[in-house]
Structure formats: C-alpha cells, structure tokens
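These are notes for a colleague who is opening this entry without prior knowledge of it. The points are meant to be read beside the structure.

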Amino acid sequence: MEIDGDVEEASRRVQVRFITKLKAPFKAPTIAIAIPSNLTRLGLSAIVNNFLKAGKDDWNSEPFDFLIDGELVRMSLENFLLAKGISAERVLEIEYIRAVVPRKEEEPSLHDDWVSAVDASNPGLILTGCYDGLGRIWKAAGLCTHLLEGHSGAITSVSIINPSAVESGTDLLVATGSKDRTLRLWMLDADESIDHPTKVTAFRTLRGHSASVQSIAPQASGDMVCSGSWDSRINIWHTKGSDTGADLVSVKKRRKDSEDVDSQSEGEAVSTLVGHTQCVSSVVWPECGTIYSASWDHSIRRWDVETGKDSMNMFCGKVFNCLDVGGESSALIAAGCSDPILRIWDPRKPGLSLTRARTHALPAHPKLMPTLSNVSCKHYGFGRNIGSYLSILITHFLDIGLQMAR
C-alpha cells in the first residue's frame, strides 16, 4: 500500500484496525496496520479505498468519515488522541462510514410571504405553509401542484398525516395549523399528473384553541393528531370520523343551485393536555401513547396520552422553539432554543436527574433556530451515534423561499 512520503516523513506511527457496519463491497479487512499519526480524514479515506479496490479494477473511490470511541474525527489522528486522552500504545479501532456528500442546491420554490412550516416526510413531495394563509404541495423545485385554501390567517404548522400515501396509491391526508386558531384537514390525490396548481378545500375544520396554533404532530397510525398553541394547551383530535360521530359538530349537506354540496365538517378536541404556562412551540408524537412538547416556559414535557398527565419535566432556562425525539425507543431528545445552540438530552444516563440530563450543545447557527425538522430523526438514524449524525440534522429559517437539494 502506498502512502504519500511527505505524510509519512517525521511522523510517528500508530497501530489501527478499520471496522465498519457497512455491507459488501464496503467491508475492508479487519487487520491491524501501522499508519502515520498525522493522517487526517482524507488520508484515512485513501487507505480504506486502497483496501476496498484490491482486486477490483472498476472500483471508484468513495469518501468516508471516521469515528473513534463513537466520536467523529475532524482533525489529525495525533491531535484527536491527545485531545481525548486516548493511548496510542494499543491497537485503535477506527470505524468508517460513508461520508455525506454536499447536496446540489436546486432553484428555490418561491412563495408570496414568509415560509413558516415545511414537511418533507413523503419522498415524492414537499408540503409548505406560508404567512399568506396558503398551504402548498411541491413535486419539484418551482413546481407547485396543489394550493390549500381556507385559512383566514397565516399558516404556522403543517404535517403529512400518512407519508406513505403516494407509494401505496392512497389519497394524501394533510393537516395545517394557523393563526386563525384552527386546524384544517385536507385530502388530495398527490399522484395525479398536473402542471399547474389545483385549489383544494379542507374537508374538516378543527376548532378548540383560544389562540394561534403553533405546532402539529400526527400519531403514527394517522388516526389522530395533536396540536400545541399559544393558549398553552395541547389538544388531541381525530383525523377521521369516530364511529359515534361524537367529535363531529356538523356533517350535514346544504343545497346550492338545486345540487347537493357537502358542507365542511367541524371537529372538537378528544382531550386536552394542560400543564405548560406559555406557548407550546413544538409537539412530537413518536409512540402511540406518548407525546412530547416544548414550550416558551423553558420546559420539555412527556405526556401519557391515556391519563393526560405529564410523566417527565425537563427545564433548560431558555425559550424552546423546536423539538424532536429519536434514537432507539425514541430515547434521545433534541431541541432548539432562542440561542443558536442545538441541545441533545439522554434521560437514560445513570446518576443524572431528568432536569440535569447530559446535554450536547452545538453552536452551529448564527441566528435563533425556529424549526428542527422531524425528517432528520426518521431518515438519518438520529441518536444512533450523536457525533456522526448531528452534522446532518435539518433546520430551516423564515424567509420567502424554500431551498431544495438533491
């Protein structure tokens, strides 16, 4: 194996073994070798590629990232070992993963006002909410296929209730929340081929909040949705009519020009979770019986849906703007506050109270962080290895354009 002579010169060597969870053809031999200690990620990547291309004439070099004891290596091996107090006398196990290649930015999908909410949980489309009171479905950069009309105020939150709808051939079910204090449910055929926006009317309006709706989260089954509001409450709603129809206020028809026209039904909250003292800025519903919420009252709470009681309180001393939950058994909690720091809690850490759970702070954003996309947890393995995945959590800011990448 050839390594650049300048790299090897005047550098002590360390014994390493490369390991990976990747499948063939990305599995390198797990033999111990001596390499210069001043190698960085590029040098380590070159070594792994030399292993992988052995006997493969058509091998194309791949970029890799590297972890030692679960932490991402972003400096030379020597500096990393010194910084972490790791002995170089033993054989180091270095795990390699495929690097996340920077994505190519497409043309922005422009709106008429601030973009306040985005949901990209469906791989075939993107749902956005805007301060002009309209929801939009985008199939590609600049191609808006559906306009969701009906709110009398700015849309503050959007959610795709059944993300797999397009793949399964069923209609897409969407929920939106607004400053008009309502949620609206929309049903549409997202698979139809159209080249101009089609206007869609909500089939149900959910009323019950006394202030602006700030956040929405669906239950995994899609049968229910919860909402957080500036009234400090969390309401839980049915997305489909119950068998008794108890949650529906109006399902009758009205006559117009001698034709039957379905009137829009109105739904009432099934239950209300009370405990926060200020705006509920973000809600997450990762498991059937558990809801997480973040608030401007500086707290994160975990709620038991059946009893309506909070089973965990975490306090930060900062206003919370966004929240997500991920990892095995939805154990890790990520939140963005009114400062440019992303915080990660693991309440399972032994010896730490829930209000003093270990925090990983990442000062990566120059401005406040209004939204932490739930796409990151579901599609990028959030929590499996904090050091390797934090760099690809998705955030977005209030502006009049939606930037898409591929």
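1. R136 has a relative accessibility of 6% and therefore counts as buried, the limit being under 20%. Please keep in mind throughout that this is a predicted model.

2. R136 is one half of a salt bridge with D112, in which the closest N and O atoms are 3.7 Å apart. The partner sits differently: D112 has 65% relative accessibility and so counts as exposed. The two residues are 24 apart in sequence, with R136 in strand β9 (residues 135-140) and D112 in the loop between β6 (109-110) and β7 (115-119). The pair thus links distant parts of the chain.

3. The structure holds 15 salt bridges in total. Another of them joins R90 to D69, with a distance of 3.8 Å between the closest N and O atoms. R90 belongs to the loop between α3 and β5, and D69 to the loop between β3 and β4 (71-72), so this bridge ties together parts 21 residues apart in sequence. R90 is partly exposed at 39% relative accessibility, while D69, at 58%, counts as exposed.

4. K84 and E71 also form a salt bridge, and here the closest N and O atoms are 3.0 Å apart. Because K84 lies in helix α3 and E71 in strand β4, the bridge ties together parts that are 13 residues apart in sequence. Both ends are partly exposed: the relative accessible area is 41% for K84 and 35% for E71. Elsewhere, R41, D65 and R74 are joined into one network by salt bridges that share partners.

5. Which residues touch the most other members of the largest nonpolar core? They are V16, F18, I35, L52, F64, F66 and Y96, out of 27 residues in that core. Two or more core residues come from each of β1 (13-19), β2 (32-36), α2 (41-52), β3 (64-68), α3 (77-84) and β5 (92-98). The largest share, five residues, is given by α2.

6. I35 shows how one core residue is surrounded. Leaving aside residues up to four places away in sequence, I35 touches R12, R13, V14, V16, L44, I47 and L77. There is also a second, separate core, which has 16 residues, among them A117, I137, I155 and V200.

7. Helix α2 deserves a point to itself. Its buried residues are G43, L44, S45, I47, V48, N49, F51 and L52. The elements covering these buried residues include β1, β2, β3, α3 and β5. The length of α2 can be checked: at 1.5 Å a residue, its 12 residues should span 16 Å, and the end C-alpha atoms are 16 Å apart, which agrees.

8. Strand β25 (residues 299-304) pairs with β24 (residues 290-295) in an antiparallel arrangement, through five bridges. Within this pair, S293 has R301 in β25 as its bridge partner. The hairpin of β24 and β25 has three residues between the strands, and H298 takes a positive phi near 75 degrees there.

9. β25 is also joined to β26 (residues 309-315), again antiparallel, by six bridges. In this pairing R302 stands opposite M312 of β26. Four residues separate the two strands of this hairpin, and G308 in the turn has a positive phi of about 75 degrees. As background, side chains in a regular strand alternate between the two faces of the sheet.

Technical notes
Residues numbered from 1 in each chain as written. Predicted model: local features only at pLDDT ≥ 70, side-chain atom pairs only at ≥ 80, totals over all residues. Heavy atoms only, no water. Core = buried A, V, L, I, M, F, W, Y, C linked by side-chain atoms within 4.5 Å. Buried < 20%, exposed > 50% of the residue type's maximum accessible area, 1.4 Å probe, protein only. Contact = heavy atoms within 4.5 Å. Expected span 1.5 Å × (residues − 1). Pairing = 2+ DSSP bridges. Salt bridge = Lys/Arg side-chain N within 4 Å of Asp/Glu carboxyl O.
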